[in-house]
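Open the model in your viewer and get ready to click along. At each stop you will be told what to select and what to look for.

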Amino acid sequence: MSALDPVLQPHYETVLARNPGEQEFHQAVLEVLESLGPVVRKHRHYVDEAVIERLCEPERQLLFRVPWTDDQGRVQINRAFRVEFNSALGPYKGGLRFHPSVYLGIVKFLGFEQIFKNALTGMPIGGGKGGSDFDPKGKSDAEVMRFCQSMMTELYRHLGEYTDVPAGDIGVGGREIGYLFGQYKRITNRYESGVLTGKGLAYGGSQVRTEATGYGTVFFTEEMLKARGQSLSGRRVVVSGSGNVAIYAAQKAAALGAHVVACSDSSGYVVDEDGLDVDLLKQVKEVERQRISAYADQRRAATFVAGGSVWDVRCEVALPCATQNELDTDAARTLLANGVVAVAEGANMPCTPGATRIFREGAVLFAPGKAANAGGVATSALEMQQNASRDSWSFAHTEERLRDIMVGVHERCATAADEYGTPGDYVSGANISSFIQVADAMLSLGVV
Ligand code: NDP
């Protein structure tokens, strides 16, 4: 397994020193740098021209106060972030996350990952990410609206369809994007559809955007299996989380003939040996905004396990679709012992470094998030294309585009892995292919 090349060690130490306490950011940087040894040995100029240092330092970081009033009339204060990480390939592009755990280190890890993910799609989009420690859980629609309006009242001046284009992430779905877009439109007096993606279909959204990340993860998984002469059909699948990515990963896996038997949220997991009823899951989570236990209450074949790990449920294909570092070494060993053949990260960095190592050493097909979940941002770029041309495409056409893009992402990873001596290693392939593309663009643009 790749270790950090001595040439890159000082660069990683600089990142640690300049960004103290940002553990998730350190982890994301290390994972990329560990893959780059063969690249910098072959192309020394990436080190000599300080491309690594430039890449690890965001172009711009915004941190601001968001005051809003709750339903009882009390003033609440949250903190919001936007990290505009790298615009060598196009406008900053990446979602907003609303979750109490959000701090600068989380936003930087996500923004850093986003640079490489966006490059892998082959589309002209740079990398950025944002969010707030605001927790939408348990808030009324009116409170969420007031929060979104207040956040956009500061954020709008930094956005633009050619500058920075946010989307959703954990805690930010169609409702939040609607309120954010409404306030942007009001303040700027511009119907600039391409400034936010993940919009509703009624006002400039794209077909398949809601489904895209989950569907794309499954398309990537299918490509990995195909490369080994296998398929998803008949496979037993477990998904973690029960949000946007998890629901549509489960739906597409089932549509391709897999048997999806479990999913989770932060309170526990459900097992449904009859196969998850995705319509019921959507009703419980998206419409009623309930906990996952409510799914088991309404379905005889299902059981809810409070706490515990969804990775204890036996499966051949594991799709972690909840949050960072949710799948640790114990879970990885359990999955391996239970006969897992493929793991694809629907979420960003859900597997700890130790878990990733176990899968790669165990010859499990392993797709890192920056490749496996790139379908979401790719479809956001398709939404921007439709907005720019004032067009709207059919579901079937957009899904076909998504599928082609995911086949392309797989191809880029596989080719780079072959070329740099790590065939079948999608982690190296994803990091190397995207790094070279971004680094070359940065060098072409001069020292900016
Ligand atoms: P959602 O908010 O829709 O869903 C998140 C799900 O993960 C919820 O079921 C949530 O449960 C669960 N979850 C969160 N934290 C934990 C935890 N600590 N332990 C167990 N479960 C947890 O978010 P998304 O589905 O949009 O995002 C999921 C992941 O996918 C994130 O890593 C995100 O960055 C990534 N991603 C999302 C994209 C998108 O298009 N939406 C694009 C690319 C990546 P609970 O309700 O209990 O908190």
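This tour goes from the whole chain to the ligand, and then to some single residues.

**Stop 1: the whole chain**

Keep in mind from the start that you are looking at a predicted model. Show the protein chain as a cartoon and you can trace 18 helices and twelve strands. Now show only the C-alpha atoms: they fill a box of roughly 60 × 50 × 45 Å, taken along the principal axes.

How does the radius of gyration of the chain fit that of a compact globule? For 448 residues, a compact globule would have a value near 22 Å, and the protein chain has 21 Å, which agrees. Colour the chain by accessibility next, and you will find that buried residues make up 57% of the 448 residues.

**Stop 2: the ligand and its neighbours**

Select the ligand and the residues around it. There are 23 of them, and those that come nearest are Asp169, Thr213, Ser266, Arg291 and Asn348. Colour this shell by residue type: it divides into five nonpolar, eleven polar and seven charged residues.

Try some distances from the oxygen atoms of the ligand. An N or O atom in the side chain of Ser266 is 2.4 Å from a ligand oxygen. For Arg97, an N or O atom of the side chain is 2.9 Å from an oxygen atom of the ligand. At Ser242, look at the backbone instead, where a polar atom is 2.9 Å from a ligand oxygen.

How much of the ligand does the protein bury? Taken alone, the ligand exposes 890 Å², and the protein buries 83% of that. Highlight α9 (209-227) and α10 (244-255) as well: these are the elements that give two or more residues to the shell around the ligand.

**Stop 3: between two domains**

Give domain 2 (58-191) one colour and domain 3 (212-362) another. Where does the ligand lie with respect to them? Both domains give residues to the shell around the ligand, so the ligand lies between them.

**Stop 4: Thr217 in α9**

Go back to helix α9 and pick Thr217, which is found in this helix. Is Thr217 buried or exposed? Its relative accessible area is 0%, so Thr217 is buried. Show the side chain of Thr217 and follow it to the backbone oxygen of Ala372, which it reaches at 3.1 Å.

**Stop 5: two positive phi angles**

Here is a little background for this stop. Most residues other than glycine have a negative phi.

Now select Arg289, in the loop between α11 (278-287) and α12 (293-297). Arg289 is not a glycine, yet it has a positive phi of about 50°.

Move on to Met349, which you will find in the loop between β11 (342-344) and α14 (353-361). Met349 also has a positive phi, of about 55°, although it is not a glycine. Its relative accessibility is 4%, so Met349 counts as buried.

**Stop 6: residue pairs across the chain**

For the last stop, use the distance tool between C-alpha atoms.

- Pick Met152, in helix α7 (residues 141-155). With 0% relative accessibility, Met152 counts as buried. Met152 and Tyr184 are 32 residues apart in sequence, and their C-alpha atoms are 6.4 Å apart in space.
- Pick Gly369, in helix α15 (residues 369-372). Gly369 counts as buried, at 1% relative accessibility. From Gly369 to His26 the separation is 343 residues in sequence and 16 Å in space, C-alpha to C-alpha.
- Pick Asn325, in the loop between β10 (317-320) and α13 (329-337). A relative accessible area of 26% makes Asn325 partly exposed. Its partner here is Ala414, 89 residues away in sequence and 25 Å away in space, C-alpha to C-alpha.
- Pick Tyr203, in the loop between α8 (174-188) and α9. Tyr203 is partly exposed, with a relative accessible area of 22%. How far apart are the C-alpha atoms of Tyr203 and Ala416? They are separated by 39 Å, with the two positions 213 residues apart along the chain.

To finish, bring the ligand back into view and look once more at domain 2 and domain 3, with the ligand lying between them.

Definitions and conventions
Residues numbered from 1 in each chain as written. Predicted model: local features only at pLDDT ≥ 70, side-chain atom pairs only at ≥ 80, totals over all residues. Heavy atoms only, no water. Near = heavy atom within 4 Å. Polar contact = N/O pair within 3.5 Å; in protein donor to acceptor, adjacent residues only side chain to side chain. Areas by Shrake-Rupley, 256 points an atom, 1.4 Å probe, with all protein chains shown as cover. Helix = DSSP H or I, 4+ residues; strand = E, 2+ residues; numbered from the N terminus. Nonpolar A, V, L, I, M, F, W, Y, C, P; charged D, E, K, R; others polar. Domains from an automatic or database assignment. Rg over C-alpha atoms; globule rule 2.2 N^0.38 Å. Buried < 20%, exposed > 50% of the residue type's maximum accessible area, 1.4 Å probe, protein only.
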